[in-house]
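Please look through the sequence and the model shown here. The report after them describes selected features in plain terms.

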Amino acid sequence: MADMMWAGRFSKKIDDTVNAFNSSIAFDGRMYRHDIQGSIAHATMLGDCGIITKEDSLQIIDGLKGILADIDSGKLPLDPSAEDIHMFIEAELTKRLGDVGKRLHTSRSRNDQVAVDIRLYLRDEIEEIYALVKKLVVTLIDMAENHKETIMSGYTHLQRAQPITFGHHLMAYVFMFLRDLDRLKDVSKRMNYCPLGSGALAGTTYRTNRKQTAELLGFTAPMPNSLDGVSDRDFCVELNCALSLIMTHLSRFSEEIIMWCSWEFKFIELDDAFATGSSIMPQKKNPDITELIRGKTGRVNGDLVTLLSMLKGLPLAYNKDMQEDKEAIFDAVDNVKLCVKTFIPMISTMKVLKENMRNAAARGFINATDCADYLVKKGMPFRDAYKITGTLVAQCIEKNLTLETLPIEDYKAMTELFDNDVYDAINLETCVRERKSEGAPSPESVTEQINIARKALEV
């Protein structure tokens, strides 16, 4: 490769090992489109401000568009020995245009160049991730609509607790992912300020128009401080935080799916296309996708720790440590996209085993609270009702019965407030149907939750 762009200060060629260690094109090469996009805006501004001639500006823009077309088509492969994508494109432009190409970097540094590139790149990635998570939310809402009356047990401490519906359970994840969508929008809004024109750290002596480049690139405004412009990576950290939460929600859901498709639960069955077998045990059907998502959550969280650790001791302004931002945030972005893309069809094709859910709910005394509430509604203090119901549950366990099959005589032996209508009050369908408070599992309440979620997606 030709001498580095910055080679004038040095009397020796850079050591090959150092060049390989220093090079970032292996991972920042993916930003070629955004680098060219930023350079076209910069060249436009240089020509409009008279910093370079209009003719040179148009020639540079045309040359950059030609490079973009050649990279897209595969005609121009990225040079793995290049220091980074910025130097590769500038070198190619100079190769094609000669001295005119050398004028592109006027009043610009790689520091503000890479800062604008990564914002442009991540802005596009956020848009794609947003669309994927939104598709997942719609999938879950549609499933919840179909399972508003599918009774299952809600759990605390992994112990059967109270009756809910599968639709109600799904809607809990819907609202988690809706908050993730809000976080993505917030990140995008805060990062949408343009660092181009900050130079290396102290701006430039040229009469540039930073508002123009910001507008051309779709940013809200230029970043108001040049030091901050080149050294800020808060947006990478904030985005990774949002991505870590998306992965955390996917991982929690995955953990439940792993349990639910085990023989111990058997609440759902994954489609054959989204499960794997064993190399030695022919009966196995493994939920590998969910296990991988659970594992990759640690990887995305690790990327967040990388970014925080990289930034925590850096003085202003730019330091080479900041080259480490891209591998971490790119890895987080790639893994979230991969996981959500795989999760959606897996969820939409899984079979819900309603009878198994209902049978498990019937065996868990999850209507005990409703039994106590029955007595409270007849005038008994809750703590007394709680104690009586607990005693009845103990009797059921001893006699291998459930509250539904316990004879009325056993109920009346505890208190005459019990009558035959207790069996209707503790019926699981009744228990769910009567939980009409806001956010509760009744079909009526779940319908309202679905309406809220659909409305949120319209904003």
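## Ser 107 and other backbone features

Ser 107 counts as buried because its relative accessibility is 11%; buried means under 20% relative accessible area, exposed over 50%, and partly exposed in between, with a 1.4 Å probe and protein chains only. This is a predicted model, in which local features need pLDDT of at least 70 and side-chain atom pairs count only at pLDDT 80 or more, while totals for chains, interfaces and linings use all residues. Residues are numbered from 1 along each chain as its sequence is written, and side-chain values use heavy atoms, with hydrogens and water left out.

Ser 107 lies in the loop between helix 6 and helix 7. Helices (H or I, at least four residues) and strands (E, at least two) are DSSP runs, numbered from the N terminus. Several residues have a positive phi, and some of them are listed below.

| Residue | Place | Phi |
|---|---|---|
| Gly 50 | after helix 3 | near 75° |
| Gly 98 | after helix 5 | near 70° |
| His 157 | hairpin of strand 1 and strand 2 | near 55° |

Ser 107 also has a positive phi, about 60°, although it is not a glycine. Phe 365, another residue other than glycine, has a positive phi near 55°; Phe 365 sits in the loop between helix 14 and helix 15 (368–376). A further backbone feature is the cis peptide bond that joins Leu 316 and Ala 317, with omega about 10°. Ala 317 is in the loop between helix 12 and helix 13.

## The chain as a whole

The protein chain has 20 helices and six strands. Its radius of gyration is 31 Å, whereas a compact globule of 459 residues would have one near 23 Å. That radius is taken over C-alpha atoms, and the globule rule is 2.2 Å times the number of residues to the power 0.38. Along the principal axes, the C-alpha atoms fill a box of roughly 100 × 50 × 40 Å. Of the 459 residues, 51% count as buried. Among contacts with a separation of 6 or more, 75% come from residues 24 or more positions apart; contact means heavy atoms within 4.5 Å.

## Two nonpolar cores

In soluble globular proteins, nonpolar side chains tend to be buried together. A nonpolar core is a set of buried Ala, Val, Leu, Ile, Met, Phe, Trp, Tyr and Cys residues joined through side-chain atoms within 4.5 Å. The largest such core here has 74 residues, and Leu 122, Leu 243, Leu 250 and Ile 329 touch the most other members. The elements giving two or more residues to this core include helix 7 (110–146), helix 8 (166–191) and helix 11 (234–260). Helix 7 supplies the largest share, 14 residues.

What does Leu 250 touch, not counting residues up to four places away in sequence? Its partners are Leu 136, Phe 177, Ile 293, Cys 339, Val 340 and Phe 343. Apart from the largest core lies another, of 23 residues, among them Tyr 32, Met 45, Ile 60 and Val 100.

## Helix 3 and Thr 44

Helix 3 covers residues 32–48, and its end C-alpha atoms are 24 Å apart, which agrees with the 24 Å that its 17 residues should span at 1.5 Å a residue. The expected span is 1.5 Å times one less than the number of residues. Since 14 of the 17 residues are buried, helix 3 is largely enclosed by the rest of the structure.

Thr 44 lies in helix 3 and is buried, with a relative accessible area of 18%. Leaving out residues up to four places away in sequence, Thr 44 touches Ser 57, Ile 61, Gln 212 and Leu 216. The C-alpha atoms of Thr 44 and Ile 61 are separated by 7.5 Å, and the two residues are 17 residues apart along the chain.

## Helix 5 and the hairpin

Helix 5 (residues 85–97) has 13 residues and reaches 18 Å from its first C-alpha to its last, close to the expected 18 Å. Its buried residues include Ile 85, Met 87, Phe 88 and Leu 93. The buried residues of helix 5 pack against helix 2 (25–28), helix 3, helix 4 (54–73), helix 6 (99–102) and helix 7.

Strand 1 (residues 151–156) and strand 2 (residues 159–165) pair in the antiparallel sense over six bridges; two strands pair if DSSP finds at least two bridges between them. The bridge partner of Thr 156 in strand 2 is Gln 159.
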